[in-house]
Amino acid sequence: MHPITQLSIGPIVQRLGLAVLLLGLVACGGDTENDVSNGTSPPEQFTVSGVITAMPGHAVDGSTNNPESPLRSNHSPAQAQPLPNPVRLGGYVTATPTGWPGDRFERQPDPSDFYRVALVAGQRIELTISDWTPDGRVNLELWLYATGNPLEPEVMDVALGTGPVQTLVAPASGEYWLEVYAFRGGSNYQLSIGEVTAMSTSAPQDLYLSMPLLTDEVLVKTRQLTAIQRAAGAAEPLDTLAAAGLTLLSGTCEQWTRWTVEQPQQAVRTLGATDRPERPMTLSAEQQQRLAILNVVKSLRERPEVAQAAPNQPLELQRVPNDPGFGQQWHYPLIQLPQAWDLSTGGERPVIVAVPDTGVFLAHEDLQGQLVPGYDFVERRVGGDDPGDAAVVGESSWHGTHVAGTIAARTDNNRGVAGVSWGAQIMPLRVIGRGSGSIYDLAQGMRYALGLPNDSGEVPERRADIINLSVGTNADSPLYAEVIQAARDRGVVIVAAAGNQATDRPLFPAALDGVISVTAVGPNKQAAPYANFGSTIDLTAPGGDQRQGTASGVLSTLVEVVGGERRSSYGFLQGTSMATPHVAGVLALMKAIYPELDYDTFQNVLASGQITEDLGVTGFDPRYGWGLIDALQAVFAAQSLAAAGRPSSLLVAEPNVLDFGSLSSEQILEIRRRGDQLLAVSQTDSNANWLTIESLAVDADGLGTYRVRVDRSGLTPATYTATLTITSSLNQVLTVPVSLRVGVSEPGELGLIYVLLLDEDFRTVEELPVLGSVGEYRFRFSGLEPGEYFIAAGTDNDNDGFICDPGEACGAYPTLGVADPIRVEQNHTDLNFVIGYSSTELRTRSTASESLESKGLPRLSIDRPRMLYGAP
């Protein structure tokens, strides 16, 4: 007997039913007597077989909801399931019994899955919640513990956000316990370590213990009552929050509001949220305070009168310590700025650049005539002056003053220093004070710059054209999304510092779509040692490298304090904070020539290579983005845009970055047209022999779905980057950065899988439950009549009768995400394919055409409804 048929009768009878089993026996044995008596020959029958290979490094939770899968308890640190690194794992947890007959967890919950894994400092751990719902009925959390005492494990970090993805970063190299915890409801999940999946970027819903936050404040945006609610006597949203023990500091019901929370545990109970059960663990006093305020935010997000809620975060200046010394502005020739000034100094049209920062020393001698009225959101008064950001005024950074001078110091006046754009004007906005500054104040400053309602009660006579953010936070916030979208709607360009932590961990808002992210180089055009890097970097600019001496910093306007009085001064600083105003100044030069320049147009010009000097590998790379800003070429580009007019259509890619990590070999890329002008794809190409792109389902203009593949054979262990280039019929060039990692991965092990033989309508003809060996699953279907079939395979971790649900392993012949029809007119013995976790939906290809379509999830033969969590 073939090994694959050595299966117990029980599971097959349960899923197929006795009648189907008997039919199968008749088909295999053959009842030729009736065929002969009817004068007909029995139809010829065939066999198809093959080997399914689990993707390396793919694994499965030892305690899923499927009672047929082998059980390996992993419900405590002492039972933690060991994992390889890298790994992508599918699992299942539930906070309450499912209540569905036949489920493993029908009568008892399975709230925790523990894993043991060795991590590298900075490595990302990502939990994707497959059955996440916006109403909060399903919410899973990701906990990270130091290995040690399994009875009371020491908490290192926890991600308890309200979005579909939870992300943590390993604080140091070592061995850890990971826990996937069902706070509410139940769900399949996917756990990824050592690679970046399709949803890896931090989101505004993220809440994690180590995030920068103020432990006694929350930010809330409420929903306005409807007329029906008012008529019914519903309480005003702000009153409801006040009744929960929150104290309003600032803001109105139409905007974000800022609150203090003195008793967070009582606030959670008053708000009616789910109590967090006591669980054995070790938390420091500070961690307890952090967890308490995060629980308040989480509870607020579940309230019907709350539209959004977030912790308030302290702002961080993007500057590293500097050394004393003097020098010259070497950083301007580095970007061909003097040559650009031969064409334009920014005087064609006044451009306003808002600088939300520590404020600007309004009396500085080299900024006279360069300022428009601003506002101080720290002390709530008109002006935006920079009185110093330290308890001892003389120790202040004068950060905002330095940034403003780089953008638009008064130039050609025989005094001080030059600014990038002579004609630009600065809107000073103080959002950082003496030891204080929060994301709320930053958002208010940005709203002021955009001419939107804000806490000042005022709006500027004319809004800003550009916003320079040489500040940021280590976590995203929903406050960012609102102001970024408002800026894009108004054609205002936001440029932000990428950060000075020498890491690929993103800084916000620089890492967000709609913001130009700037990293830094030194005088030799090498990446500055402090500069952040990664897939969210857009370009680089001079930020200084004072390892080569103080004068290798960026020279701009500063302040000195003599006898308690502030005086005009100049000095060197370094950081991505100093790089960012170079780009803001160049943008001001461009907008003076071409006022319609917006974020999307700038990104299109940037990706075309027109306005940067390419550094590092050809095209985009995570260290330099698209390269070093070139002021001369940027002015040329602005002149060309002004002469030709803005193109009304652009090519766009989704996703716009492809990271294959350590395991994936294939991804789907969508190429679309944005705009009304006719536009077609004329050419696709890559700059690496291990990277290929082919069309899957495209229209006559070449727009649609493409398959991108990488081939790791012959590549030595390392990280590789490349670029896909898509050229339009208008000679626009769209580029998509691609990266992958090559290393040693353990064979995949997915536990029990179901191999399904499907008819041409994707209905199950026969199924085989199969346990693999060393990552290989052998299957064999016999007694098949001639016809067209599909073969798919997958896990059913939630036991809902469907394979290939989100969070479950899935595969099909011949490729991971696409099932091609198999014409059975003879035996097939080599129908081999791969199974694993993929973000690509399983689709089928038609025999009559090359088009792809989704026919739904392959269904097991058992007939029962899907589980509905939260149902009565």
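These legends walk through several close-up views of a predicted model.

**View 1. How confident the prediction is along the chain.** Welcome to the model as a whole: the protein has an average pLDDT of 84, and 87% of its residues score at least 70. Confidence is highest in strand S21 (residues 466-469), with a value of 98, and lowest in helix H1 (residues 9-16), where the mean is 28. Two other stretches deserve care. Residues 196-201 stay under 50 in pLDDT, and the model gives them 13 contacts beyond four places in sequence. Residues 862-872 are also below 50, with 28 contacts in the model beyond near neighbours in sequence. Where pLDDT is low, the predicted coordinates should not be read in detail.

**View 2. Strand S41 and its partner strands.** Look here for strand S41 (residues 787-794), a mostly covered strand in which 7 of the 8 residues are buried. Strand S38 (residues 752-758) runs antiparallel to S41 and is joined to it by 5 bridges. To find this pairing, start at Leu756, which sits opposite Ala792 of S41. S41 also pairs with strand S44 (residues 822-824), again in the antiparallel sense, over 3 bridges. Here Tyr789 faces Ile822 in S44. Strand S42 (residues 810-812) is antiparallel to S41 as well, and 3 bridges join these two. Gly794 lies opposite Cys810 of S42, and that cysteine leads us to the next view.

**View 3. The disulfide between Cys804 and Cys810.** How many disulfides does the count come to? The count is 1. This disulfide links Cys804 with Cys810, with an S to S distance of 2.1 Å. The torsion about the S-S bond is about 80°, so the disulfide is right-handed. Are its two cysteines buried or exposed? Cys804 has a relative accessibility of 11% and counts as buried. Cys810 is buried too, at a relative accessible area of 10%.

**View 4. Thr47 and the residues around it.** This view turns to strand S1 (residues 46-54), where Thr47 is found. With a relative accessible area of 18%, Thr47 is buried. Leaving aside residues up to four places away in sequence, Thr47 touches Arg780, Phe781, Ser782 and Gly783, along with Gln826, Asn827 and His828.

**View 5. The sheet that holds strands S5 and S10.** The 5 strands in this open sheet follow the order S3-S5-S10-S7-S8, and their pairing is mixed. Strand S3 (81-82) and strand S8 (154-159) are at the edges; each has a single partner strand, so one side of each is left without a neighbour in the sheet. Further in, strand S5 (residues 112-119) and strand S10 (residues 174-184) are antiparallel and share 8 bridges. A handy marker for this pairing is Ala118, whose bridge partner in S10 is Glu175.

**View 6. Aromatic rings that pair up.** Across the whole structure, a search finds 13 aromatic pairs. In one of them, the rings of Trp143 and Tyr145 have centres 6.2 Å apart and planes at 15°, so this pair is stacked. Trp143 is buried, at a relative accessible area of 1%, and Tyr145 is buried with a value of 1%. Another pair, Trp341 with Trp422, is tilted, with 5.2 Å from centre to centre and 55° between the planes. Trp341 belongs to helix H8 (residues 337-341), while Trp422 is in the loop between H9 and strand S20 (425-430), so the pair ties together parts that are 81 residues apart in sequence. Trp341 counts as buried at 18% relative accessibility, whereas Trp422 is partly exposed at 25%. Back at the stacked pair, Trp143 and Tyr145 form one aromatic cluster with Phe114.

**View 7. Nonpolar cores and an enclosed helix.** The largest nonpolar core has 70 residues, and Leu337, Ile516 and Leu587 touch the most other members. Helix H12 (residues 576-593) supplies the largest share of this core, with 11 residues. Ile516 has contacts that include Val493, Val495, Leu539, Leu587 and Phe602. A second, separate core contains 62 residues, among them Leu142, Ala244, Leu271 and Val296. Finally, meet helix H9 (residues 399-408): 10 of its 10 residues are buried, so the helix is largely enclosed by the rest of the structure. Its buried residues include His399, His402, Val403 and Ile407.

Notes
Residues are numbered from 1 along each chain as its sequence is written. This is a predicted model: local features need pLDDT of at least 70, side-chain atom pairs count only at pLDDT 80 or more; totals for chains, interfaces and linings use all residues. Side-chain values use heavy atoms; hydrogens and water are left out. pLDDT is the predictor's confidence in each residue, from 0 to 100. Helices (H or I, at least four residues) and strands (E, at least two) are DSSP runs, numbered from the N terminus. Contact means heavy atoms within 4.5 Å. Buried means under 20% relative accessible area, exposed over 50%, partly exposed in between (1.4 Å probe, protein chains only). Two strands pair if DSSP finds at least two bridges between them. A disulfide is a pair of cysteine sulfur atoms within 2.5 Å. A nonpolar core is a set of buried Ala, Val, Leu, Ile, Met, Phe, Trp, Tyr and Cys residues joined through side-chain atoms within 4.5 Å. Rings of Phe, Tyr and Trp (its six-membered ring) pair if their centres lie within 6.5 Å; planes under 30 degrees apart count as stacked, over 60 as edge-to-face and the rest as tilted.
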